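Let's take a walk through this structure together. Have the sequence and the 3D view at hand as you read.

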Amino acid sequence: HWNPSDRTLVWDRLPMTVAFVSIFCYMLDEYYTSLGLGRTMLPPLLAVGVFSVVHWSRTDDLRLYLLVQFVPLIAMSVMVSLGAPGHGGAAQQGAALLLYGLAKVCEDLDYRIFALSGRVISGHSLKHILAGFAAMVLATMI
């Protein structure tokens, strides 16, 4: 993060993608317990997630990476809004999704937030803080 480049950004995006795909598959198992969707979908979705980062790094095309990021976020929002998790924790899951959604907004407004804060904190920094809080909320379910 100190001196970002496309080469170093791969190592920022890759673990986040693996974590996010894993959380999505956990949510699939929570909301569709009897189908075993999460366990079934984890290997192919991890492969697509990793491929999306590699594809971006070689072509500078973020479209697949953005799909990997936002389609699960939308799907999880629908699951939490309309369903009930198999093992409880709907409030924590909803709060985590809200925090992660806010993190993505902060990431998008990076420079604006930096300017509005008087160059004290960037949207990118807030993204990491909010995403960390989202993970902490999910951890309370363990």
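**A helix and its neighbours**

In this predicted model, a good place to begin is helix α4, whose buried residues are Gln93, Ala96, Leu97, Leu99, Tyr100, Ala103, Lys104 and Cys106. The cover over these buried residues includes α1 (6-31), α3 (63-82), α5 (110-116) and α6 (123-139). You can also check the length of α4, which runs over residues 90-108. With 1.5 Å for each residue, its 19 residues should span 27 Å, and the C-alpha atoms at its ends are indeed 27 Å apart, so the two values agree.

Now step back to the loop between α3 and α4, where you will find histidine 87. Is this residue buried or exposed? Histidine 87 counts as exposed because its relative accessibility is 65%, and the cut-off for exposed is over 50%. Its side chain makes a polar contact of 2.6 Å with the side chain of glutamate 30. Histidine 87 and methionine 141 lie 54 residues apart along the chain, yet 9.5 Å separates their C-alpha atoms.

Zooming out, the chain has 6 helices and 0 strands, giving the pattern α-α-α-α-α-α along the sequence. Its radius of gyration is 16 Å, close to the 14 Å from the globule rule for 142 residues, so the chain is as compact as a globular protein of that length. Its C-alpha atoms fill a box of roughly 50 × 35 × 25 Å along the principal axes.

Among contacts with a separation of 6 or more, 65% are between residues 24 or more positions apart. Of the 142 residues, 33% count as buried. The chain exposes about 8,800 Å², with 69% of that supplied by carbon and sulfur atoms.

Key. Residues are numbered from 1 along each chain as its sequence is written. This is a predicted model: local features need pLDDT of at least 70, side-chain atom pairs count only at pLDDT 80 or more; totals for chains, interfaces and linings use all residues. Side-chain values use heavy atoms; hydrogens and water are left out. Helices (H or I, at least four residues) and strands (E, at least two) are DSSP runs, numbered from the N terminus. The expected span of a helix is 1.5 Å times one less than its number of residues. Buried means under 20% relative accessible area, exposed over 50%, partly exposed in between (1.4 Å probe, protein chains only). Contact means heavy atoms within 4.5 Å. A polar contact is a pair of N or O atoms within 3.5 Å; within protein, one must be able to donate a hydrogen and the other to accept it, and residues adjacent in sequence count only if both atoms are side-chain atoms. The radius of gyration is taken over C-alpha atoms; the globule rule is 2.2 Å times the number of residues to the power 0.38. Accessible areas come from the Shrake-Rupley method with a 1.4 Å probe; for residues, only the protein chains shown count as cover.
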